[in-house]
Amino acid sequence: ETSDELLAAARHAGFAPDPSVARRIDAALAATDDRAELGRLHVAKAIALQGCGDASASAAASCLAVPHLLAGGLVATAAFSSAMAAVFLDQVDDLARAIEYAVDAMVMLNDVELDCIEAVRASLALSGFFMRLSSFDTAVESGRRAFLGAQRIVGVPIDSVAYSFGYMCAEAAHVTNDHVRKQTYLADAIGAERWLRHHGAGDVSKRMLAGGLNGEIAIARGHTVPQSDLDAAATLYDDAAPDLVAWHLLVRATNARRHGNDRLALELLESAVPGLEASADNHCLVRAIDERAKAHAALGNLENAYADAQHLAGLVRAWQIDQVGWLAGQVTRRAELERTTTVLRDEAEQLTADLDHDVTTGCRSRRWLESHLLELEQSAGSGAVLMIDIDRFKVVNDTYGHSIGDEVLARFGTLVAAAVDEGHEVARFGGEEFLVIAAGYDSTTGEALAEQIRLDIAAHDWESIAPGIELTTSVGLACGRLANARGLLVSADEALLEAKRLGRNRTVASPAFIDEPVPA
């Protein structure tokens with residue numbers, strides 16, 4: 001069989017991968033030494049294996065395809081294969097190589113027309129890559145180009161393009177706080193859902209995927225759909241890829257919980273979570289664990305709800321700091337060397353800038369702090385670390401709502417930053433906790449700074465945000481060598497807890513000068 005025939009077979013399988021196709025591709029690979037043919041066969045193999053729940057085999061096939069395709073002069077197909085490789089490598093946590101292939105795909109696409117089918121596929125794959133980075137505007141724009149381009153090419157089966165575009169638009173609508181942007185995302189999701197419902201190639205597309213997207217759209221709007229409409233599509237699970245089944249189970253569970261059926265939601269989520277973990281879909285996995293925690297709590301299973309809350313906190317921290325932040329920084333550095341267009345360079349730089357700053361307060365982010373702590377390990381001087389916490393902030397959120405709470409956090413961050421000398425930046429450590437690392441400060445100047453911040457917060461007119469708001473803050477202070485900044489952070493946090501225990505609205509300083517790392 002030729003690569004064209006086997007590519008067609010792999011794509012025809014669509015959302016129900018056929019292992020026999022991969023075996024036929026292996027036979028064809030063994031029978032040829034033509035570079036272009038070898039490249040296309042490896043692409044076919046990556047496609048044939050992509051719905052099996054483990055991305056490592058598809059990643060390997062995508063990587064193998066690229067040099068063969070370039071040697072054969074197939075630049076557009078090489079761009080598609082590079083983009084696929086980036087997505088699959090990201091899913092198996094090989095972030096460094098994922099970056100390499102993503103940037104290569106972007107560079108190659110500069111020379112390819114968008115209405116070329118392989119350019120459409122490459123754009124779709126890159127939109128998935130940026131989705132993983134939580135860069136939703138970039139992901140949706142790339143997905144939109146792929147969806148519109150696919151519709152201009154006669155005879156192309158575009159169910160996967162329509163679903164992927166609709167899914168990322170719905171996910172973006174779930175997370176944005178911008179009403180106008182949310183409506184734009186939802187309009188795009190509705191367009192993809194309608195296309196699948198009316199033009200999909202089979203019941204998996206027309207009923208399961210379109211129905212699931214309809215449910216996602218309703219949930220993002222704060223509504224529900226009839227549970228029976230979603231449940232009926234469960235008969236199609238044997239014909240669909242495992243990652244799509246896991247996503248559909250999540251949509252069913254979320255809808256069921258909105259209907260008040262927490263027991264059904266919990267049952268569905270127990271089936272969904274393993275599939276979402278296997279597919280490395282962190283966006284859906286975070287939602288699933290959050291929904292499961294709420295279902296446990298509603299049913300009185302508080303221990304399980306707490307365990308899920310801890311799991312969720314750890315997952316989000318690892319995802320946003322250890323993966324997303326690191327990856328965005330690497331993309332920027334590679335962009336400075338290899339990207340050839342201003343648009344791509346600006347996107348990469350903006351992505352890194354966004355990750356270095358907290359969206360709510362404008363202060364430095366936890367991701368920036370992790371990087372700064374590494375830099376401080378090489379420093380020779382001493383300084384002070386201030387751990388600052390808003391007293392009883394939960395009362396503000398519970399009384400006035402999270403919108404007012406976010407405004408309070410932003411104002412608080414501004415006040416703290418105003419009290420700090422130039423060159424000493426303020427980072428949001430998490431929740432209502434903020435951190436200041438002041439190089440050159442000792443216990444006397446550090447305590448004076450802490451008291452200045454505390455008095456500024458207490459004296460500020462918080463009622464200008466909402467009537468009745470009064471705030472105080474507690475501060476923990478530790479001084480020592482900045483090479484041991486992590487130890488200082490631990491001591492400052494312990495001092496903050498002591499300030500809380502003593503009644504809040506006070507500064508407590510750690511008594512010892514920290515010269516050695518604090519034992520784990």
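Which residue lies over the face of F429, and at what distance from the ring centre? Hi everyone, that is my opener, and the reply is R366, at 4.1 Å from the ring centre of F429. For a charge to sit over a ring, NZ of Lys or CZ of Arg must be within 6 Å of the ring centre and within 35 degrees of the ring normal.

Some ground rules before the tour. This is a predicted model, where local features need pLDDT of at least 70, side-chain atom pairs count only at pLDDT 80 or more, and totals for chains, interfaces and linings use all residues. Residues are numbered from 1 along each chain as its sequence is written, and side-chain values use heavy atoms, with hydrogens and water left out.

On confidence, pLDDT is the predictor's score for each residue, from 0 to 100. The protein averages 85, and 88% of the residues score at least 70. Among the elements, strand 4 (residues 473-481) has the highest mean pLDDT, 95, and helix 17 (residues 342-356) the lowest, 56. Where pLDDT is low, the predicted coordinates should not be read in detail.

Now the overall picture. The protein has 22 helices and five strands; these are DSSP runs, H or I of at least four residues for helices and E of at least two for strands, numbered from the N terminus. Of the 520 residues, 53% are buried, meaning under 20% relative accessible area with a 1.4 Å probe, protein chains only (exposed is over 50%, partly exposed in between). Taking contact as heavy atoms within 4.5 Å, residues 24 or more positions apart account for 68% of the contacts with a separation of 6 or more.

On to the aromatics. Rings of Phe, Tyr and Trp (its six-membered ring) pair if their centres lie within 6.5 Å; planes under 30 degrees apart are stacked, over 60 edge-to-face, and the rest tilted. The whole structure yields five such pairs. One of them is Y163 with Y167: the centres are 6.0 Å apart and the planes at 25°, so this pair is stacked. Both tyrosines belong to helix 9 (residues 159-175), four residues apart, about one turn of the helix. Y163 counts as buried at 8% relative accessibility, and Y167 does at 10%.

Y163 also pairs with W247, this time edge-to-face, 5.1 Å centre to centre with 65° between the planes. W247 sits in helix 13 (residues 242-258) and Y163 in helix 9, so the pair ties together parts that are 84 residues apart in sequence. Ring pairs thus link Y163, Y167 and W247 into a cluster.

Next stop, helix 4 (residues 56-71). Does its length come out shorter than expected or in agreement? With 16 residues at 1.5 Å a residue, helix 4 should span 22 Å, and its end C-alpha atoms are 24 Å apart, which agrees; the expected span is 1.5 Å times one less than the number of residues. Its buried residues include S58, C63 and H68, and the buried set packs against helix 3 (35-49), helix 5 (75-91) and helix 6 (95-109). After helix 4 comes G73, with a positive phi near 80°.

Two last items. S123, in helix 7 (residues 117-132), is buried at 5% relative accessibility. Leaving aside residues up to four places away in sequence, S123 touches L109, L114, S142 and A146.

And the cysteines: a disulfide is a pair of cysteine sulfur atoms within 2.5 Å, and the structure holds zero. C169 is buried at 0% relative accessibility, and C479 is buried at 9%. Thanks for listening!
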